[in-house]
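Colleague: I'm new to this one. Could you show it to me and explain how you arrive at the labels you use?

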Amino acid sequence: MSRSEPTRAPHDWVTRAADDAIRHHERTGASGPVTCSSGASPSGPVHLGNLREFLMPHFVADELRRRGVPVRHLHVWDDYDRFRKVPAGVDPSYADHIGRPYTAIPDPWGCHASWSDHFKEPIVTALHALGVDMEEISQTERYQAGVYRDEVLRAVRRRRDIDAVLAKYRTKRAEGQTSADETGDHAAQEAEALAESVANDDEDEAGAGTADVGYFPYKPYCRDCGRDTTTVTAYDDETTELAYTCAFGGYHGTTTLATQDEGKLVWKADWPMRWAFERVDFEPAGMDHATPGSSFTVGHELVESVWDYPRPAWFGYGFVGFAGVQKMSSSAGGAPTAQDALRVLEPGILRWLYVRRQPRQTFDIDFGPEVVRLYDEWDALSRKAADPERRDVQVLAHERAASTATAGALPAPEVVVPFRTLSSVADVTAGEPEQVSRVVADLGYAHDSVDQLEPRLARAMAWTEEFVPTDERTTVRTEPDAAAVAALSPQEREWLSLLLAGLHGRLELEAVTALVYGVPKLARGMTLDDAPTEDVKADQKAFFRLLYHLLVDAERGPRLPTLIVALGAERVRSLLGA
């Protein structure tokens, strides 16, 4: 194709999802903005697997904003869900709160008003740093204010229809497809296990009623103890009076659904109700929610048959692992969060990890040496993105990661220094900002202020401190190894003499690099520009080992030219016994 011919703008999964959301919006005839929705229960820290729930609709909403389409990213906090178990690290006495909504449970750490607020605040802060702004709603507030009252009554009136849909999927499971254990299909085994875990968690297959009442899609919280350990014992369709008993304390209560708001719909009815009420046009779901008979597939049928609303556009997204873990559970604790990632990754890079992959693609996040390679890839892509002639799907992912329609460009260093260089300098200088700034300038990255190196510098320091093993850290000698210096061979003394003769004035990386690699050449009567022979290559390896031993008492370390520039000529002279 010649340069004069028009090129088609690159398309990715975000483009296609945005198109689907617009088509759904047009089909509903709604007059308001397109609604891209996400939802999460504040049961614990929002880990990097959960982060996909927030970022997928964000990217789609952001694409629509870039097109000038009115849109909102609606995030629903499922904070009216029941507290299921006490996680590790929490006082076992909190078992007394099992069955109560998250908003009714005190914060065990005493820094927020409730359990719910304790886990909402950190992720909202992290999302803001990532350029993600959402319209947040609380299910506790919605239910208790009676906002969903008419929808609750609709679900109760149509309870037999809801049960019929659930029964259809129960029948499918009961008929039994060949199990993954029988076929030996590992991926299918994992999918079955996940589907089973979701089914076990939903707890709404049988509804909330006794055998006499039958399936009931609404579960009241006990007026006496605040738990959802209730069973509906009677319901009057005319008066909407509901009677229940509580298994925890034996309390018998009544509530009137037309005038009182003391409970919530069970999950498989709640989700489709919310889609219709909030006019949701697009909402993705984790693959565990997208299996046959799961809350998502059941919800798709219910939203159309009970709430007369077309199922939202959607896709299933894959799991995000960490250090070999295939799926992370936010209630189990220990999995890395967005806040953890932002200590070592620039906001744009963390966003890029999610937007550059197809939604169904699973991937692992590694905070070890992989971080260095990740920064190198990002910097290379940034250089490519600066050339309009090279705009493709990869560059489009960079654009989505590096900026948003509302916030503009996300924080990035004004002076870009490779992460591997910054981390090496931070290691050698123990993270002292003025020393880092001096060395970085000497390495050829001119800047007026250390602030121009942020936010990357702080992340390089944090990564070096938190993720580089102690035995791999660089510890510069505080004084020369006198015994080693005294035992130098004539050849080694010549190498050091040639090196020190070339170290004077302000050290520059390019010149020091040529000198370090060139010393063995000079010792053999060659010039710095001569190609190395096999003998020179062997000498270089021995020379490098000698320098590492004398400077940092190790077999290896940061690149020697960087190390020497970081230490400065005088300190190098001192440690080499000159």
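Modeller: Happy to, but keep in mind that this is a predicted model. Let's start with Arg438, which lies in helix H16, residues 433-442.

Colleague: Why is Arg438 called partly exposed?

Modeller: Buried is under 20% relative accessible area and exposed is over 50%. Arg438 has 28% relative accessibility, so it counts as partly exposed.

Colleague: What does Arg438 touch, not counting residues up to four places away in sequence?

Modeller: Arg438 touches Arg506, Val565 and Ala566. As for Val450, twelve residues along the chain from Arg438, the two C-alpha atoms are separated by 9.3 Å.

Colleague: On to H9 and H10. Why are H9 and H10 called oblique to each other?

Modeller: The axes of H9 (residues 267-278) and H10 (residues 295-305) cross at roughly 55° and come within 8 Å. Roughly parallel needs an angle under 35 degrees, and roughly perpendicular runs from 65 to 115. The angle fits neither, so H9 and H10 are oblique. The crossing is right-handed.

Colleague: Which residues of H9 and H10 meet?

Modeller: Among them are Trp267, Trp271 and Trp275 in H9, and Phe296, Leu302 and Val303 in H10. The residues of this contact divide into nine nonpolar, three polar and one charged.

Colleague: And how many residues has the largest nonpolar core?

Modeller: That core has 101 residues, and Leu499 is one of those with the most contacts inside it. Leaving aside neighbours within four places in sequence, Leu499 is in contact with residues including Val516, Phe543 and Leu576. Another core, of 45 residues, lies apart from it, with Trp267 and Met273 among its members.

Methods: Residues numbered from 1 in each chain as written. Predicted model: local features only at pLDDT ≥ 70, side-chain atom pairs only at ≥ 80, totals over all residues. Heavy atoms only, no water. Core = buried A, V, L, I, M, F, W, Y, C linked by side-chain atoms within 4.5 Å. Buried < 20%, exposed > 50% of the residue type's maximum accessible area, 1.4 Å probe, protein only. Contact = heavy atoms within 4.5 Å. Axes fitted to C-alpha atoms, helices over the stretch in contact; angles between N-to-C directions. Helix = DSSP H or I, 4+ residues; strand = E, 2+ residues; numbered from the N terminus. Parallel < 35°, antiparallel > 145°, perpendicular 65-115°, else oblique. Left-handed = near helix turned anticlockwise from the far one by under 90°. Nonpolar A, V, L, I, M, F, W, Y, C, P; charged D, E, K, R; others polar.
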